[in-house]
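Student: Hey, I've just opened this one. Can you walk me through it?
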Amino acid sequence: MAILVTGGAGYIGSHMVWALLDAGENVVVLDRLSTGFRWAIAPAARFYLGDVADAEVLKTIFIENDIEAIIHFAGSAVVPASVADPLSYYDNNSGKTRALMSAAIAAGVRHFVFSSTAAVYGPQKGSEPVKETAPLNPENPYGQSKLMTEFMLRDAAAAYDFDYVALRYFNVAGADPHGRAGQSTSGATHLIKVACEAALGRRDSVHVYGIDYPTHDGTGVRDYIHVTDLAQAHLKALQHLRRGKGSLVANCGYGSGYSVLDVLNMVTRLHGHAFKIHMAPRRPGDAASVVADASLAHRMLEWTPKYDSLETIVRSALDWELELITRRVEDLHEMRRALAAASF
Ligand SMILES: NC(=O)c1ccc[n+]([C@@H]2O[C@H](COP(=O)([O-])OP(=O)(O)OC[C@H]3O[C@@H](n4cnc5c(N)ncnc54)[C@H](O)[C@@H]3O)[C@@H](O)[C@H]2O)c1
Ligand SMILES: O=c1ccn([C@@H]2O[C@H](COP(=O)(O)OP(=O)(O)O[C@H]3O[C@H](CO)[C@H](O)[C@H](O)[C@H]3O)[C@@H](O)[C@H]2O)c(=O)[nH]1
């Protein structure tokens, strides 16, 4: 039996692949490498290049592997891009997931774990942690496209021999503590990644989007969750489904909110070098404060985070940024050696 990880070449998916392999699972990855990288996939996983909606590649995967469950990360994940091009988000996050679900159900795959998001909730009054029962009112097409998928999962689970866990991630950050994976996306927009790049001189500066929010320092507040804890939550979700405990929608966060300035100060403190900061207008589609109440995941999945401190998250993100620089330098040396060898 094997677990199919879609989007396993991406940031969160690549950590999931390592977590599954560490837990002794057989892993199959499907990724079209639009934002992910072939090198990010752990060598022990079996890789298929393709789109999650490609019926032919799915057929091949289901014939060649005994897929027990799908952990579905493949998708588009940038809030402002979804505001600029909503239909591509509905296509990739909702339409293509529908095609994947349909092929999976036809092939007899019974378990599905889905990457949902805190963006399904929309604007919150005050800074109270958000429970799963909060109104679902996405502020942007990204959140809406994920919510539509949650509805498809709910209805499919009611109709077919199929169950699912949808995990609503808050702000995922950090990198594998063993240095095997991290966030490598070029042109990243996520705050911690952007700030670490600026600290290491890979960007000129960081823009702070909005200083007039009703938060403790006027900047946006988010609940940052370490990617390794998030991968563990998926392992627990898989266990939950295997034990026949039924479908579930649960938040994944820590319940602690940090502002943009809190994050920038932490990066500066840990790295030791200041970088340029520009105050900028609010970003379209952004909420003031988004913090999780994750008590349901703790209770139902028996999930206990291990890396729940902003300092640990930022430290691992900085370590990964240094690792990427080292790898680029090694690649350059390799290219130089290859060029020198070719010129003789
Ligand atoms: N990063 C976050 O803070 C965050 C928060 C909430 C939810 N999520 C969700 O988690 C998932 C993973 O996010 P990430 O940050 O790792 O993003 P990512 O862009 O690093 O990874 C996505 C991966 O999916 C692949 N992909 C995209 N569309 C595909 C398709 N149609 N067919 C095959 N492969 C495809 C990409 O090549 C990439 O490897 C996404 O669904 C995202 O919406 C992320
Ligand atoms: O260069 C930057 C980048 C971000 N921010 C601010 O930092 C906070 C976090 O922004 P991110 O772009 O890092 O993350 P988002 O909160 O926009 O979105 C993330 O969290 C959401 C859930 O809250 C979704 O899950 C989504 O997939 C994921 O990208 C926001 O207040 C944003 O305005 C800046 O000030 N400058």
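Student: By class, how many nonpolar, polar and charged residues does the shell around ligand 1 have?
Tutor: The shell has ten nonpolar, 13 polar and four charged residues. Ala, Val, Leu, Ile, Met, Phe, Trp, Tyr, Cys and Pro count as nonpolar, Asp, Glu, Lys and Arg as charged, and the others, Gly among them, as polar. This is a predicted model, where local features need pLDDT of at least 70, side-chain atom pairs count only at pLDDT 80 or more, and totals for chains, interfaces and linings use all residues. Residues are numbered from 1 along each chain as its sequence is written, while chains are lettered from A and ligands numbered from 1 in the order in which they are written.

Student: Which residues are the closest to ligand 1?
Tutor: Gly7, Gly10, Gly36, Gly75 and Ser115, out of 27 that surround the ligand (C-beta atom, placed from the backbone, within 6 Å).

Student: And which element gives the most to that shell?
Tutor: Helix 1, with three residues. Helices (H or I, at least four residues) and strands (E, at least two) are DSSP runs, numbered from the N terminus.

Student: Switching topic: what order do the strands have in the open sheet?
Tutor: The seven strands go 3-2-1-4-5-6-11, with parallel pairing (two strands pair if DSSP finds at least two bridges between them). Strand 3 (46–49) and strand 11 (248–252) are the edges, each pairing on one side only.

Student: How many bridges join strand 4 and strand 5?
Tutor: Four, between residues 67–72 and residues 111–117. In that pair, Ala69 of strand 4 stands opposite His111 in strand 5.
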